[in-house]
Amino acid sequence: MTQHDWLLSPLFTGIFVTLGIILFFQLLARTLMSRSTKKGAPINYLVGSLAVLSTVYFSALAIYFEIAAAQQDSDIAFIDFRLLLLSYVIIFLGRRTSFIVILCSFITRFLFWGSTTGTFIFIAFSVFMYLIFALNLHLIRRHHSSQLVLVNCLNIIVGVFWLLLHYIRLDYLGDIPLSQVVYYWIAFGVMNFFLYYGLTQLNTENDYLNTLTHQATIDPLTQLKNYAVFKTDFTKKFGEFHSSKKPLAMIALDIDYFKRVNDQYGHLAGNKILIGVGKLLIGAVHDLPDAHCYRVGGEEFNVLLPNISLEKASQFSHDLQAKIRQATFQISENQNIKITVSMGVSTLHASDKTQNLFYERTDQMLYHSKGEGRDRVTVDTELTKSSTTGFGNPVSSTQN
């Protein structure tokens, strides 16, 4: 049996093309979301990298449909696709993106068709349909109608559009029989339904997966990355160090006398302190490339500082310690308290054959700070490690 015998009707082909377009777009969107630093944030195609992806992707589609129509020397075969593209770009991506998409379509039209009567009629009809779709969307949202109402309104608008083409009888389009009008109207309605269903389901799934990812990787109280993510990132950075030899510093941080705070003021007060410390940590690393904070235990935090020398990490630690000491934490309407933290700072050595050596050395610096009276920063300044313990000579300091 030849390939020709397996060819599907244009309607089924249109359905598969429509689903393929949105599926590929969603795959690209998921790839971007997986690399985003704002996992768990609501999906918004109007800002950031998703906005750029949407604009480029659907502009490329608009250009493709114009080129395909030019090669076929016929607008009729691709009008449904272009109407679907225009309507859904307006609905999901807003006016700015839809304006760019339609502009790309016009430019391509001029390049491949020239300044013909058909080109100007096409532009006039496109602008007219753009305004009709935008007005329809505005009215639907103003009256808080469901998405299904919007989809059905699109079907009615396009049906009227096809009837106009039938009765106006434009010379460059030729005579469009009523049977063909009905076919294209039905085809649009079917593709419209599948497009709406596919987008709705995929967007719902994306939101769900994004929420699950956020819950699995982010500490719900402090909004810092959790211990599971720390282990993954630590392993990755450890491997990168031994291949690139770029410095990697780590800070281990512990809130002083946190149990006493919980016992004296209650666990809700303790939670407010943890939230406050989390915000301070997020603010502290905001301007440091690739730096990340983690809540690795109850009142314990780690900070990874890639491409940061031990000297700079030490200064960063002292600055952070001072900010926390000076901060005031409101634990009730009428009561504020202050806290201090103990820190251990170390840098990864070329002789660290395992991650545990580096981790334990940093932890040892933290416990040295706590043993010296807390509210201290202990920095591992000895680059030559002991052959028995694997730890350098700690130097602890405090700034009062």
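What share of the 400 residues in the chain is buried? Buried residues make up 45% of the chain. The model shown in these views is a predicted one.

**View 1. Overview of the chain, with 11 helices and 8 strands.** The chain exposes about 21,400 Å², and 61% of that area is supplied by carbon and sulfur atoms. Among the contacts with a separation of 6 or more, 67% are between residues 24 or more positions apart. The structure holds 0 disulfides. Two of the cysteines can be placed by their accessibility: cysteine 153 is partly exposed, with a relative accessible area of 22%, while cysteine 293 is buried at 7%. The cut-off that separates the two classes is 20% relative accessible area, so cysteine 153 at 22% falls in the partly exposed class.

**View 2. A nonpolar patch on the surface that includes Leu111.** The patch is formed by Phe99, Ile100, Leu103, Ile107, Leu111 and Phe112. Together these residues have about 600 Å² of accessible area. Leucine 111 belongs to helix α3, which covers residues 79-113. With a relative accessible area of 67%, leucine 111 is exposed. The limit for that class is over 50%, which is why leucine 111 is not listed as partly exposed.

**View 3. Helix α11, residues 355-371, and the glycine that follows.** Helix α11 has 17 residues, and at 1.5 Å a residue the helix should span 24 Å. The C-alpha atoms at its ends are 24 Å apart, in agreement with the expected span. Which residues of α11 are buried? They are Phe358, Arg361, Thr362, Met365, Leu366, Ser369 and Lys370. Just after the helix, glycine 373 has a positive phi of about 115°.

**View 4. The salt bridge of Arg361 with Asp352.** The side chains of arginine 361 and aspartate 352 meet at 2.8 Å, N to O. Both arginine 361 and aspartate 352 are buried. Arginine 361 is one of the buried residues of α11. Elsewhere, salt bridges that share partners join Glu66, Arg82 and Arg109 into one network. The count for the structure comes to 10 salt bridges. Side chains of opposite charge can pair when their charged atoms come close.

**View 5. The salt bridge of Arg325 with Asp375.** The N to O distance between the side chains of arginine 325 and aspartate 375 is 3.2 Å. Arginine 325 lies in helix α10 and aspartate 375 in the loop between α11 and β7 (377-380), so this pair ties together parts that are 50 residues apart in sequence. Arginine 325 is buried, as is aspartate 375.

**View 6. The salt bridge of Lys225 with Asp233.** Lysine 225 and aspartate 233 meet through their side chains at 3.7 Å, N to O. Are the two partners buried or partly exposed? Lysine 225 is partly exposed, with a relative accessible area of 24%, whereas aspartate 233 counts as buried at 16%. The 20% cut-off lies between these two values, so the partners fall into separate classes.

**View 7. Gln223 and Asn307, two loop residues with positive phi.** Neither glutamine 223 nor asparagine 307 is a glycine. Phi of glutamine 223 is near 65°, and phi of asparagine 307 is near 60°. Glutamine 223 sits in the loop between α6 (178-217) and α7 (227-244). Asparagine 307 sits in the loop between β3 (300-306) and α10 (310-326). Glutamine 223 is partly exposed at 41% relative accessibility, and asparagine 307 is partly exposed at 41% as well.

**View 8. Surroundings of Ala291 in the loop between α9 and β2.** This loop joins α9 (267-284) to β2 (292-295). Alanine 291 has a relative accessible area of 8% and is buried. What does alanine 291 contact, leaving aside its neighbours within four places in sequence? The contacts are with Val285, Leu304, Leu305 and Pro306. From alanine 291 to isoleucine 308 the C-alpha to C-alpha distance is 9.2 Å, and the two are 17 residues apart in sequence.

Terms used:
Residues are numbered from 1 along each chain as its sequence is written. This is a predicted model: local features need pLDDT of at least 70, side-chain atom pairs count only at pLDDT 80 or more; totals for chains, interfaces and linings use all residues. Side-chain values use heavy atoms; hydrogens and water are left out. Helices (H or I, at least four residues) and strands (E, at least two) are DSSP runs, numbered from the N terminus. Buried means under 20% relative accessible area, exposed over 50%, partly exposed in between (1.4 Å probe, protein chains only). Contact means heavy atoms within 4.5 Å. Accessible areas come from the Shrake-Rupley method with a 1.4 Å probe; for residues, only the protein chains shown count as cover. Patches are made of residues with over 30% relative accessible area and no salt bridge: like charges are joined within 9 Å, nonpolar side chains (Val, Leu, Ile, Met, Phe, Trp, Tyr) within 5 Å. A salt bridge is a side-chain nitrogen of Lys or Arg within 4 Å of a carboxyl oxygen of Asp or Glu. A disulfide is a pair of cysteine sulfur atoms within 2.5 Å. The expected span of a helix is 1.5 Å times one less than its number of residues.
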